[in-house]
Protein chains: 2
Amino acid sequence: MKTHTILFQPQNRTVAVEAGESLIRAAMEAGVHINASCGGEGVCGKCRVIIEKGEVAGGVSERLTPEDREKGYRLACRSSVTGDVTVRIPVESAIDASVLNIPPAPRRTARVKAFNLEELKDKGLFIPPMEKVFLALPEPSAQDHLPDVTRLVSFLTLQNDEHRLGVEFPVIRKLPDTLRQDRFRVTATLARPVREDGQSVIINVQAGDTTSRNYAVAVDIGTTTVYGQLIDLISGAVLAEQADFNGQISYGEDVISRIVFAEKGDGLNRLHDVVVETINKILRTIIKRAGIDRDGISSITLAGNTTMTQLFLKVNPRYIRRAPYVPAATIYPAIKAVNLDLDLPDHVTALVYPQVSSYVGGDIVAGVMGSGLYRTEELTLFMDIGTNAEIVVGNRDWLACAACSAGPAFEGGGIEFGMRAAKGAIEDFSIDPVTCEPMNLTIGNVRPKGICGSGLINIVAALFEAGVINNNGKFEQTLPTDRIRERDGVWEYVLVRQAETQIDRDVVLTEIDIENLIRAKGAIYSGCQTLLEEVGLTIQDLDRIYLAGGFGSYVDLERAMVIGLLPEMAADKITYIGNASLMGARMSAMTNRIRRDVVEVTRKMTNFELSETPSFMDHYVASLFLPHTDLHLFPMLKARLDARRAMAR
Amino acid sequence: MKTHTILFQPQNRTVAVEAGESLIRAAMEAGVHINASCGGEGVCGKCRVIIEKGEVAGGVSERLTPEDREKGYRLACRSSVTGDVTVRIPVESAIDASVLNIPPAPRRTARVKAFNLEELKDKGLFIPPMEKVFLALPEPSAQDHLPDVTRLVSFLTLQNDEHRLGVEFPVIRKLPDTLRQDRFRVTATLARPVREDGQSVIINVQAGDTTSRNYAVAVDIGTTTVYGQLIDLISGAVLAEQADFNGQISYGEDVISRIVFAEKGDGLNRLHDVVVETINKILRTIIKRAGIDRDGISSITLAGNTTMTQLFLKVNPRYIRRAPYVPAATIYPAIKAVNLDLDLPDHVTALVYPQVSSYVGGDIVAGVMGSGLYRTEELTLFMDIGTNAEIVVGNRDWLACAACSAGPAFEGGGIEFGMRAAKGAIEDFSIDPVTCEPMNLTIGNVRPKGICGSGLINIVAALFEAGVINNNGKFEQTLPTDRIRERDGVWEYVLVRQAETQIDRDVVLTEIDIENLIRAKGAIYSGCQTLLEEVGLTIQDLDRIYLAGGFGSYVDLERAMVIGLLPEMAADKITYIGNASLMGARMSAMTNRIRRDVVEVTRKMTNFELSETPSFMDHYVASLFLPHTDLHLFPMLKARLDARRAMAR
């Protein structure tokens, strides 16, 4: 897509954005504050800007008089970028001139690591677990009565120099008729062994030459969302993908409540059934959308956390939540998809990602595989942040992992106006440090109704950097604004006044909300510290961070460092790898090298139970500040804070 | 059971019989003819004998006057042996004195080969495919979070020096709860590999120590009858057995009509379902009768002919009956019993006997294993006689086999009064060579209504030896008896007159019946000749005959040689091995040695298609006589016939 350059005045700051972006988001990207209360819906009329040079589309509104429009005024939130443009923030809504010289916190989103199929091929990592072979068999005759299976196996052995071929029973059931559909010209699907001394097994036969139709499915079973991809095993391309909420949500938001439900009566069967129905719905969608022959699917690879995996497999998860927290298994054998009630052809093999422990599951192992962490020389921290945050540190030589119970703050839990990342959630925020007026941007650019997880981080970080809250997470009660107030003995900041919300109340951030966020980020940060300490290292030794999971994609890295969720590190050392679990599942679906390596990686991943590690509590307590008791762990932030304080004096 | 000695006069012939046997059956056994028309029901009153010494139970009848009784007359068919006794056949019902000196054809039933478990053990052949191992696992603790499967496998590996253990998925499903039922004391069932380099797999876990409860099931799926045995894998004992008619009978008597039915609409599913229901009924019966814990069953081994096997497995048998007669497979993989709809626990593995060709199936392979034919040095002929007769010749070095289409004569088909071996069927027969009066014995000792297969052989043999029919199978029309007569242009012998039957007609044997029998026995005999010729041998080279199948147990060997069904051989060289298919299934269920050997044996069994062997037709035509064109193949019979002819002159 085309990009255009926006110059903001009087800040004299430029930013390059894609065509169609709104001016207000361009300003946020540039670190330019514009007062804006209504989330971008255009109703508060506060985000008035003047187009000095160039043109924008839209931006006119009843909130602007004809004279204003004539003068070049536009509402920033309703203006779309169509070309290079110079924008002036008018005095009445601009920050005080004195702060113009303070460099803004650089806005940084993590570099997205693209899935590199060619690299996989180059490294000899593209060895499909399922291979299709076309065979033109000699037809039986009075002189040649070979049984059908014997004919198939002998010919295949001869043609491909195979040995020790197995044949699955359903293939025998199909074979007599399939052979005779196209004069003994058939395509056999061979499941290749993971171990070199293993046996190849014929899992399907199809009439004629169908070698060009060889597909696999990769699935990430998330506690909240299930993702599926249909993969072409010839090209490696993703032919279709689909996400849907995990049907288990109605039986509990988190893994613990799901386990509790599974323990009651027919609960386990019920939870199995609903997640299978979610997966089946996704399967039907991606098969239809890709327009492929369903019978061409050979395998499905699934990754999920330990609880999701056991519920999907109908393996009682009861002991996951009871000390000493023992999962049923690490490595699961290949299982026929139909035996798991998946709506796939009989021959399809389901491959389930192995687990490390009760709280470091297949999704994390898949992430370690998908990110390539297990092959790098650099000391890397892998984080998947959610209600349960999983962390892995290590490199190609060793791997240690742990799970932290962060609590639900990042998903809006325990936050008065917390909500999921949905329409109307404040996702981005800036504050005028002089007037304390906010700039709220919501998902969908509609009037706010709450705060999502990434929004919460952005708000707290901005308030902290602006000095509105101190490093204990308490409001600076003396600031000259009515947005900071006490209600029922609790101090809060009014983000949006009732009139500009979708709801019948002010949307606020309270000190209790901040405290919950600090606890959540403190658990994760101190988890990393503890894990590193257990292997004789410190946070400063880290070379790289991989950020995985849906949450990671929305988090502003800088802001996450400001609150002390992420260790401070140069932006190009942090890689956002998206749904690493799905990526790992896809890689396993495409190559047996990964399937072989994953067994070794799973064995190698040393699990630490933080609750049983004495130093964890010390680290945790020390991290219950913004960003941390020890500000030397965050030198760049410290420099900025020092600069601002010097200015303010 | 106690045996007693019966002396028959004036023949001066003794026989030892079990207490309770009837005098008339003792006479038949001794080769002593007593006129008897009514099959043994006591209504014709012809079988009057005088008890000269000793006592019998019963035998008094309205047919005897008080004076007769006083003189010691009894009806032989109603008299039970209770002690040693001397019996005189009165002149009016005895054969002419001149024939008393002709030695009767010795009555010989084949020596039954008992299943020898100790021999199996001695030879190292008792290696159960399913082994149970008790484990007292250490319980998990804060210092030991091993996943349940890992705990089980590591401990088992250590305790038993196992390596490369597999774990079936259903075991993982059961494991968490099973481990905690009895403080981590569990019994694992291991499926041992057939190949030495194979992998042992854990297929079940049970709480506590259940090692003493390890069972298997062996099943013979016959076209007519299904047999099942429940086996204790610790002792090798058969705990219960049961037979039942194959539910498929209502869809066709023979394999061809079953295949025809299977080809129509839902026929294959229907035939699968009904035979499975038959097996399930047997399973329920034997499990209940043995009073065992159903969960202690580890495996079920099944043997059947190729069509029965494919129908049971729901593998389309269509191509079995179409040239070039190709079966689906020889060796079938192990299949979970539940996947075949068998009413057994989820973990039970079904092992299906391999097939050689479309008409030499798993029942015959099982027979070769069960009889030990594949381990003997002697040149052995194995025969399973039925509508389709299968023959195997060979020894431990080589094996050749073929199937002959004998037609349904042995099962009563194509015989005017032919019937299955059921109550009222004439099963044994003798004839007075002077008066041509018959001695008919029926199954159940009731009035005759037809002739069963073994009866047919006995009748034709007796008529031939007595000179009532010639070696073309035609009646001697000049004999002075009204029992030989012409009806609608066909000559026949009246076995039973209407008044003494259960039906409203005379029971007769026609020349057409004889012709059909000759064709049937000719196909089998010439099949043996052809098969031997193909491997460069002749009938005379045979050292031993194994006779298998239900039919074999009732056939009088001597009579079968008289008509030329069996090659002539000393009685102790012929072994009746009963249901060899069931015996083979049982052996496979008990020892992996047999399971390993059977793969090799199946490969070794060279199948000959008789219809494509040019010499078969010549041999067949030459065998369409009683016993054969070439009487030198039957030297003992020839000697007897020569002696009779000399007498008669």
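Here is a short chat about how two chains meet in a predicted model and about some of its salt bridges.

Q: How many residues does each chain put into the contact?
A: Chain A gives 39 residues and chain B gives 39 residues. Keep in mind that this is a predicted model.

Q: And how much area do they bury between them?
A: About 3300 Å², with 61% of it on carbon and sulfur atoms.

Q: Which three residues of chain A supply more of that than any other three?
A: A:His145, A:Phe169 and A:Arg173, which supply 18% of the area that chain A buries against chain B.

Q: OK, what about salt bridges across the interface, how many are there?
A: The rule finds 2 between chain A and chain B. In a salt bridge between the chains, A:Arg164 pairs with B:Asp197, at 3.7 Å from N to O.

Q: And polar contacts? How many residue pairs?
A: There are 14 residue pairs in polar contact across the interface of chain A and chain B.

Q: Which element gives the largest share of chain A's side?
A: That's α5(A), with 5 residues. By type, the side of chain A that touches chain B has 22 nonpolar, 6 polar and 11 charged residues.

Q: What rotation puts chain A on chain B?
A: A rotation of 180° with 0.1 Å of shift along its axis, and the RMSD is 0.2 Å. That is how a two-fold axis relates things. The same surface serves both copies, too: 100% of chain A's contact residues recur in chain B.

Q: Switching topic: how many salt bridges are there over all chains?
A: The structure holds 78. In one of them, A:Asp244 pairs with A:Lys281, their closest N and O atoms being 3.0 Å apart.

Q: What parts does that pair tie together?
A: A:Asp244 is in strand β15 and A:Lys281 is in helix α7, so the pair links parts that are 37 residues apart in sequence. A:Asp244 is partly exposed at 21% relative accessible area, and A:Lys281 is partly exposed at 45%.

Q: Now B:Arg48 and B:Asp68: how far apart are their closest N and O atoms?
A: They are 3.1 Å apart, in a salt bridge. B:Arg48 sits in strand β3 and B:Asp68 in helix α2, so this pair ties together parts 20 residues apart in sequence.

Q: Is B:Arg48 buried or exposed?
A: Buried, because its relative accessibility is 19% and the cut-off for buried is under 20%. B:Asp68 is buried as well, at 11%.

Terms used
Residues numbered from 1 in each chain as written. Chains lettered and ligands numbered in written order. Predicted model: local features only at pLDDT ≥ 70, side-chain atom pairs only at ≥ 80, totals over all residues. Heavy atoms only, no water. Contact = heavy atoms within 4.5 Å. Buried area = accessible area lost by both parts, 1.4 Å probe. Salt bridge = Lys/Arg side-chain N within 4 Å of Asp/Glu carboxyl O. Polar contact = N/O pair within 3.5 Å; in protein donor to acceptor, adjacent residues only side chain to side chain. Helix = DSSP H or I, 4+ residues; strand = E, 2+ residues; numbered from the N terminus. Nonpolar A, V, L, I, M, F, W, Y, C, P; charged D, E, K, R; others polar. Least-squares fit on C-alpha atoms with pLDDT ≥ 70 in both. Buried < 20%, exposed > 50% of the residue type's maximum accessible area, 1.4 Å probe, protein only.
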